[in-house]
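Good morning, everyone, and thank you for making time for this. I would like to walk slowly through a structure that is probably new to most of you, so please have a look at it before I begin.

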Amino acid sequence: MSLYTTLNIVSSAMNAQTKKINTCAENLANSETFIYENGKYLPYQAKKVVMQFNCFDKRNKLIGGIKSKVVESKEKKGKLIYNPDHIFASKDGFVNYPNIDVISENINAMEAVRSYESNISLLNTIKYMILQTLSIGK
């Protein structure tokens with residue numbers, strides 16, 4: 001495995017962590033948002049990042065790395081909170097808020113940041129190794 005292949009693997013991991021951080025930020029920003037859809041106001045659906053081991057590159061060559069994509073959460077149920085003064089309150093006084101746990105989203109964001117930082121550290125190590133390799137002939 002060449003150092004450039006390792007750089008590609010680290011790059012894919014950093015892209016995946018960037019998607020995770022952005023998704024957490026989006027979920028936190030929309031934790032009390034309602035979306036107008038099909039004539040009704042529905043609670044915002046949380047999104048998640050799905051990561052998968054990607055063993056092949058675009059040329060179908062074995063390399064490794066991470067493939068990631070953002071998907072909407074399958075849980076359609078929101079959390080019911082009693083708030084009879086809210087504009088979207090039901091007859092019983094409950095509002096169906098988005099099912100986003102703010103604490104979990106913050107923890108996921110912190111985890112993604114730490115992983116991103118460790119990938120930066122690895123990237124710097126690889127960069128140092130490449131520079132040392134280039135200086136052998138001097």
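**Two helices and what surrounds them**

Let me begin with helix α2, whose buried residues pack against α1. Before I go further, please keep in mind that what we are looking at is a predicted model.

Helix α2 has 33 residues and reaches 48 Å from its first C-alpha to its last, which is close to the 48 Å expected at 1.5 Å a residue. The buried residues in α2 are E105, A109, A112, N119, I126 and I130.

Its partner, helix α1, covers residues 3-29, and its 27 residues reach 39 Å from first C-alpha to last, again close to the expected 39 Å. The buried positions in α1 include V10, A13, M14, Q17 and C24, and the buried residues of this helix pack against β3 (47-53) and β4 (66-72) as well as α2 (102-134).

How do the axes of α1 and α2 cross, and within what distance do they come? They come within 9 Å and cross at roughly 160°. With the cut-off for roughly antiparallel set at over 145 degrees, that angle makes α1 roughly antiparallel to α2. The crossing of these two helices is left-handed.

To see this packing at one residue, let us turn to Q17, which has its place in helix α1 and which, at 8% relative accessibility, counts as buried. Leaving aside its neighbours within four places in sequence, Q17 is in contact with M51, A112, S115, Y116 and N119. Of these contacts, A112 and N119 also appear among the buried residues of α2.

Let me now move to the hairpin. Strand β1, residues 34-37, and strand β2, residues 40-43, run antiparallel and are joined by four bridges, and in one pairing F34 has P43 of β2 as its bridge partner. Two residues lie between the strands of this hairpin.

Which residue of the hairpin takes a positive phi? It is N38, in the loop between β1 and β2, and the value is about 55° although N38 is not a glycine. As general background, most residues other than glycine have a negative phi. N38 is also exposed, with a relative accessible area of 74%.

Within the same hairpin, I35 lies in strand β1 and is partly exposed, at a relative accessible area of 34%. Apart from neighbours within four places in sequence, I35 is in contact with K40, Y41, L42 and Y44. I35 and T6 are 29 residues apart in sequence, yet their C-alpha atoms are 42 Å apart in space.

My last stop is A46, which is found in the loop between β2 and β3. Is A46 buried or exposed? With a relative accessible area of 11%, A46 is buried, because the cut-off for that term is under 20%. Once neighbours within four places in sequence are set aside, A46 is in contact with N27, V71, E72, S73, N99 and I100. One of these, N27, is itself listed among the buried residues of α1. As for I100, it is 54 residues from A46 in sequence, while the two are 6.3 Å apart in space, C-alpha to C-alpha.

To close, I would ask you to look once more at α1 and α2, which are roughly antiparallel, and then at A46, with its contacts to N27 and I100.

Technical notes: Residues numbered from 1 in each chain as written. Predicted model: local features only at pLDDT ≥ 70, side-chain atom pairs only at ≥ 80, totals over all residues. Heavy atoms only, no water. Expected span 1.5 Å × (residues − 1). Buried < 20%, exposed > 50% of the residue type's maximum accessible area, 1.4 Å probe, protein only. Contact = heavy atoms within 4.5 Å. Pairing = 2+ DSSP bridges. Axes fitted to C-alpha atoms, helices over the stretch in contact; angles between N-to-C directions. Parallel < 35°, antiparallel > 145°, perpendicular 65-115°, else oblique. Left-handed = near helix turned anticlockwise from the far one by under 90°.
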